[in-house]
Amino acid sequence: MTATEPAASEAIAAAPASPQPAPGATPPRTPLIARAVAELVGTAALVAVVVGSGIQATELTDDVALQLLANSTATVFGLGVLIVLLGPVSGAHFNPVVTLAEWWTARRGGAGVNARELAVYVASQIAGAIAGAVLADAMFGRPLVKWSQHDRSAGNLLLGEVVATAGLILLIFGLARAGRLRFAPVAVAAYIGAAYWFTSSTSFANPAVTIGRAFTDTFAGIAPGSVAGFIAMQLIGAVAGLALVAVIFMRGEDEQDQPAA
């Protein structure tokens, strides 16, 4: 699942296009250790942005709407930058459901991570998420680890996580099917920013980030007792998203016989 830039001239068009990796398209020749570090650092930075901006927002205003606006805006810009920076190294998954979905598509004949890479990616993402939450608390002088008291177990919130995650997977792998992964940094960041507001759960859509946010008793936190339910719904959402990709971006027999552009 790589995207290629359109040719600028006939001479360029005749030459092989360079792959442009993005979420859902892991660079095949990057050493696994480099990809693991990129996933750890990227996920840590993402959680630090989410948690840190949430802390900053609550210190600046008591208006919950403004707090959410500040939190979502910082997340949009931070996520976009991280995808641009680390996408060429690891594919910038930062999310176990994205990695799982890519592993599944690879098993079905597509490009993607194998089982060993899947395990390394997910472990790196979870470790990074926890480190990012601890780092954010440290930067604002909070206890390094304090379990969140923010209960998020209501059924409507769980439904919100299914919707948020299904939409994220549909977006990433739909872009891959359409050969438009070059738009992923903007599209994924924009989707997450929108989903902060249109989903009841504020769109965690990420098991690693969910686990990391349990370690901080701040605006962005989630109570440990709510984590399992959120992750279960995220996995269901990932399955739903892949099913939507398969139906919406269904390829006909003629298309399947054609070489990729």
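1. In which crossing, right-handed or left-handed, does α6 pass α9? The crossing of α6 past α9 is right-handed, and this can be read from the model above, which is a predicted one. Two packed helices are described by the angle between their axes and the distance between those axes. For α6 and helix α9, the latter covering residues 224-248, the angle is about 40° and the axes lie 7 Å apart. The residues of this contact comprise 17 nonpolar, 6 polar and 2 charged ones.

2. For a reader new to the structure, the overall plan may help at this point. The protein chain contains 10 helices and 0 strands, and along the sequence it follows the pattern α-α-α-α-α-α-α-α-α-α. Of the 261 residues in the protein chain, 48% are buried.

3. A second helix pair that deserves attention is formed by α2, residues 32-60, and α5, residues 115-139, which pack at an angle of about 30° with their axes 7 Å apart. The crossing of α2 and α5 is right-handed. Sorted by residue class, the contact of α2 with α5 holds 15 nonpolar, 6 polar and 5 charged residues.

4. How many salt bridges does a search of the whole structure find? The search finds 2, and one of them joins arginine 35 to glutamate 117, with the closest N and O atoms 3.0 Å apart. Because arginine 35 lies in helix α2 and glutamate 117 in helix α5, this pair ties together parts that are 82 residues apart in sequence. Arginine 35 counts as buried, at 5% relative accessibility, and glutamate 117 is likewise buried, with a relative accessible area of 14%.

5. A salt bridge is also found between the side chains of glutamate 59 and arginine 142, at 3.5 Å from N to O. This pair links distant parts of the chain, since glutamate 59 is in helix α2 while arginine 142 is in the loop between α5 and α6, 83 residues apart. Glutamate 59 counts as partly exposed at 44% relative accessibility, and arginine 142, with a relative accessible area of 29%, is partly exposed as well.

6. Arginine 152 should be examined with some care, and the place to look for it is the loop between α5 and α6, the latter helix spanning 155-177. Arginine 152 is buried and yet has no salt bridge, the nearest side chain of opposite charge being that of glutamate 161, at 7.8 Å. What, then, does the side chain of arginine 152 meet in a polar contact of 3.2 Å? The partner in that contact is the side chain of histidine 150. In addition, a polar atom of the arginine 152 side chain lies 2.9 Å from the backbone oxygen of glycine 221.

7. The backbone also merits a check at two loop positions. Most residues other than glycine have a negative phi. Phenylalanine 94, however, has a positive phi, near 55°, and is found in the loop between α3 (64-90) and α4 (96-107). Is phenylalanine 94 buried or exposed? With a relative accessible area of 2%, phenylalanine 94 is buried, because the cut-off for that class is under 20%.

8. Threonine 202 also has a positive phi, in this case near 60°. The residue lies in the loop between α7 (184-198) and α8 (207-213), and its relative accessible area of 16% makes threonine 202 buried.

9. Two further residues show how parts of the chain come together in space. Valine 239 has its place in helix α9 and is exposed, with a relative accessible area of 58%. Although valine 239 and alanine 166 are 73 residues apart in sequence, they are 7.4 Å apart in space from C-alpha to C-alpha. Leucine 68, in turn, lies in helix α3 and counts as buried at 16% relative accessibility. The C-alpha atoms of leucine 68 and alanine 57 are separated by 7.9 Å, and the two residues are 11 residues apart along the chain.

Key. Residues are numbered from 1 along each chain as its sequence is written. This is a predicted model: local features need pLDDT of at least 70, side-chain atom pairs count only at pLDDT 80 or more; totals for chains, interfaces and linings use all residues. Side-chain values use heavy atoms; hydrogens and water are left out. Axes are lines fitted to C-alpha atoms, for helices over the stretch in contact, and angles run from 0 to 180 degrees between N-to-C directions. Helices (H or I, at least four residues) and strands (E, at least two) are DSSP runs, numbered from the N terminus. A crossing is left-handed if the near helix is turned anticlockwise from the far one by less than a right angle, and right-handed if clockwise. Ala, Val, Leu, Ile, Met, Phe, Trp, Tyr, Cys and Pro count as nonpolar, Asp, Glu, Lys and Arg as charged, and the others, Gly among them, as polar. Buried means under 20% relative accessible area, exposed over 50%, partly exposed in between (1.4 Å probe, protein chains only). Lys and Arg count as positive and Asp and Glu as negative; His and the chain ends are not counted. A salt bridge is a side-chain nitrogen of Lys or Arg within 4 Å of a carboxyl oxygen of Asp or Glu. A polar contact is a pair of N or O atoms within 3.5 Å; within protein, one must be able to donate a hydrogen and the other to accept it, and residues adjacent in sequence count only if both atoms are side-chain atoms.
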